[in-house]
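Open the model in your viewer and keep the selection panel at hand. This tour goes stop by stop: what to select, and what is there.

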Amino acid sequence: MVPSERMKVLIVVGARPNFMKVAPIIRAARNLREKRTGLEVDTLLVHTGQHYDAAMSDQFFVDLGLPTPDVHLGVGSGSHTQQTADVMKKFEEVVVREKPDVVVVVGDVNSTVACALVTAKLSFDSAGSRPLIAHVEAGLRSFDRTMPEEVNRIVTDHVSDLLFVTEESGLENLGNEGISPDWIHFVGNTMIDSLLAFREKADSSTVLEDLGLRGRTEQDRGNTAVARYALLTLHRPSNVDTRDGFLSILEGLEELAADYPIVFPVHPRTRQRIKEFGLESRMGMNKAKVNSATPGSLSMQKGIILTDPLGYLDFLCLMKNAAIVVTDSGGIQEETTCLGIPCVTVRENTERPVTVDCGTNVIAGTGKTRIQAAIRAQMDRKASDRMPKHWDGRAAERIIDVLIRAHHDRTITKQSRVPEPCV
Ligand code: UD1
C-alpha cells in the first residue's frame, strides 16, 4: 500500500489528560516501524509544559511508558491568553525547525488550540505548504461557550485537516458545522486504548492499601476485601473558582460522606481554592498522606479524604474499585463508562453524550438537591457493560493508518504536480 518513504509526525502534549491520549499513538507508530512496512514513521514528542508538577506530568510518563519529550517548551501557568500565546511563540520555532509532515494535537486544552493555530498559519515555501493538522478527539461539543475547552475544541476542529472522532455525536456535530465528511474519521478513543492496555497493570498499584481501603499484610488476611468508597475529582473553574459554587457541590456530597469515605485527589487549582475559601473544615476530615494510613483505617472513617494528585495507575486502580465516581472531568466520564462504574457528573452539560446513553453517567448539575438525588440513584444502579462503538483498544492503530494514507496521497499529489486536495 505504501512506498518506501519516511513520515515525520510531531505529537503535542501539554496537560495531564493529553498523556494517556498520545501514548497509544506513539506505541502504534513504533509497532509499525518494527513491522518494517516500507514506511518509517518518526515521532517527535513536544511537551508544552502547561502542566509541569511531578504529579501532574512526570508520573504519567513513568506510568504510561512514554518517551522523554524531544522538546520541552516550559511555558507553565498563566492567564489563558498568556499561556496560549507563550505556547504559540515557542511552538512556531520548533515546527519551522523540524518541518514535520503531520502535527498531531489531542483533546481540548490550551496547548491543543495553540499548536493547531500555529500550524494552520505556517507556510514552509512560496506554495504555502505546511504540515497536515490531525486533531484526536474531534467533534465533541458541550454547546457551552463559557467553557474554555469548548472554544478550544471549535477552533481546533475548524483549522484541522484530519479529524479523529471518538463517538457518534462528533460526526453529527462536525456535519452540522459544515466540515466535509472526507476529513472526518470515526476511529474510537485513544484514552480508552490506554485504559484497556493498563487495566490489569493497575491492579499492581498499592493505593488501596496505602489509603487503608484494603488490608496491607498477611495478618490482615481477613481484611483483604476492598472497602466501599466513592472517588471524587473537581477542577473546573466554574465549580471551584467561587466559594458558593464549590460549597453547593460539597453540600451535595454530605449525605454520601456520612456513609462512606470519599477519596478526593486534589488538583492544584482546587487545592488553592480550598485554602483561599477556608473550606478545609467542610471536608469532614484531614488530608490523608498516601502510604501513611494504617490498614483499614480510612475505610472505617467517613467524610472527604484529600490526597495529592495521583499517577495514572493509582487513579485507574481507584476508579476500578470505586462504588461510585463523582467528577467534573470529561475523560473520567468516558473511563467510568468503559469500566462500567456509576458516575455522577457535577456539570450542567456533557460534550460526551455517549457516556449517558450507555447508562453509566448521569449529568447532575451543581445544585445540592440534584447531586444528592443523582448519587442515590447511581448507588442503586446495576453495573453496565455497554461499550461505545470502536472503544476497543484499536483507535491509535486506525489513526496511524489514516495518517499513512493521507501522507501517501499528499506525496503522490505533489509528485504529479496537481494542486493539493484539502485531504
Ligand atoms: C487544564 C485544561 C482542562 C483539563 C485540565 C486537567 C485548559 C483550558 N484547561 O485545566 O481542560 O481538564 O487541565 O487538569 O487547557 N497548576 C499547578 N501545577 C501544574 C499545573 C497547574 O500548580 O502542573 C496550577 C496553576 O496554579 C495553574 C492552575 O493549576 O494556574 C490551573 O492550571 P491550567 O493548566 O491553567 O488549567 P487546569 O485547570 O489544569
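Rings of Phe, Tyr and Trp, taking the six-membered ring of Trp, count as a pair if their centres lie within 6.5 Å. Keep in mind that this is a predicted model.

**Stop 1: an aromatic cluster**

Select Phe19, Phe60 and Phe61. Together they form one aromatic cluster. A search of the whole structure turns up 3 aromatic pairs. One of them joins Phe19 and Phe60, with 6.1 Å from centre to centre and 40° between the planes. Is this pair stacked, edge-to-face or tilted? It is tilted, because 40° between the planes is neither under 30 degrees nor over 60.

Now colour the two helices involved. Phe19 sits in helix 1 (residues 16-35), and Phe60 sits in helix 2 (residues 54-64). The two residues are 41 residues apart, so the pair links distant parts of the chain. Turn on the surface next. Phe19 has a relative accessible area of 0%, so Phe19 is buried. Phe60 is buried too, because its relative accessible area is 3%, under the 20% cut-off.

**Stop 2: a second aromatic pair**

Select Phe198 and Tyr312. These rings form an edge-to-face pair: 5.9 Å centre to centre, with 90° between the planes. Again the pair links distant parts of the chain. Phe198 belongs to helix 7 (residues 190-198), Tyr312 belongs to helix 13 (residues 312-321), and 114 residues separate them. Are Phe198 and Tyr312 buried or exposed? Both are buried.

**Stop 3: helix 13 against helix 14**

Stay with helix 13 and add helix 14 (residues 330-339). The two pack at an angle of about 55°, and their axes are 10 Å apart. That angle makes helix 13 oblique to helix 14. The crossing is right-handed.

Show the side chains where they meet. From helix 13 come Tyr312, Phe315, Leu316, Met319 and Lys320. From helix 14 come Ile332, Glu335, Thr336 and Leu339. One rule helps in reading such lists. An α-helix has 3.6 residues a turn, so residues three or four places apart point the same way.

**Stop 4: Thr233**

Select Thr233, in strand 8 (residues 230-233). Thr233 counts as buried, because its relative accessibility is 9%. Which residues touch Thr233, apart from its neighbours within four places in sequence? The contacts are Phe264, Phe315, Val326, Thr327, Asp328, Ser329 and Ile332. You have met two of these names before: Phe315 in helix 13 and Ile332 in helix 14.

**Stop 5: a covered helix**

Select helix 4 (residues 110-120). Helix 4 is mostly covered, with 9 of its 11 residues buried. Those buried residues are Asn110, Ser111, Thr112, Val113, Ala114, Cys115, Ala116, Val118 and Thr119. What covers them? Bring up the surrounding elements, among them strand 1 (5-13), helix 1 and helix 3 (80-98). Strand 4 (102-106), strand 5 (132-138) and helix 5 (148-159) are also included in the cover.

**Stop 6: a charge over a ring**

Select Lys99 and Phe124. Lys99 lies over the face of Phe124, at 5.1 Å from the ring centre.

**Stop 7: Ser169**

Finish at Ser169, in helix 6 (residues 168-176). Its relative accessible area is 14%, so Ser169 is buried. Add Val354 and look at the C-alpha atoms. Ser169 and Val354 are 185 residues apart in sequence but 7.5 Å apart in space. Setting aside neighbours within four places in sequence, Ser169 is in contact with Gly139, Leu140, Glu351 and Pro353.

Definitions and conventions. Residues are numbered from 1 along each chain as its sequence is written. This is a predicted model: local features need pLDDT of at least 70, side-chain atom pairs count only at pLDDT 80 or more; totals for chains, interfaces and linings use all residues. Side-chain values use heavy atoms; hydrogens and water are left out. Helices (H or I, at least four residues) and strands (E, at least two) are DSSP runs, numbered from the N terminus. Buried means under 20% relative accessible area, exposed over 50%, partly exposed in between (1.4 Å probe, protein chains only). A charge sits over a ring if NZ of Lys or CZ of Arg is within 6 Å of the ring centre and within 35 degrees of the ring normal. Axes are lines fitted to C-alpha atoms, for helices over the stretch in contact, and angles run from 0 to 180 degrees between N-to-C directions. Angles under 35 degrees count as roughly parallel, over 145 as roughly antiparallel, 65 to 115 as roughly perpendicular and the rest as oblique. A crossing is left-handed if the near helix is turned anticlockwise from the far one by less than a right angle, and right-handed if clockwise. Contact means heavy atoms within 4.5 Å.
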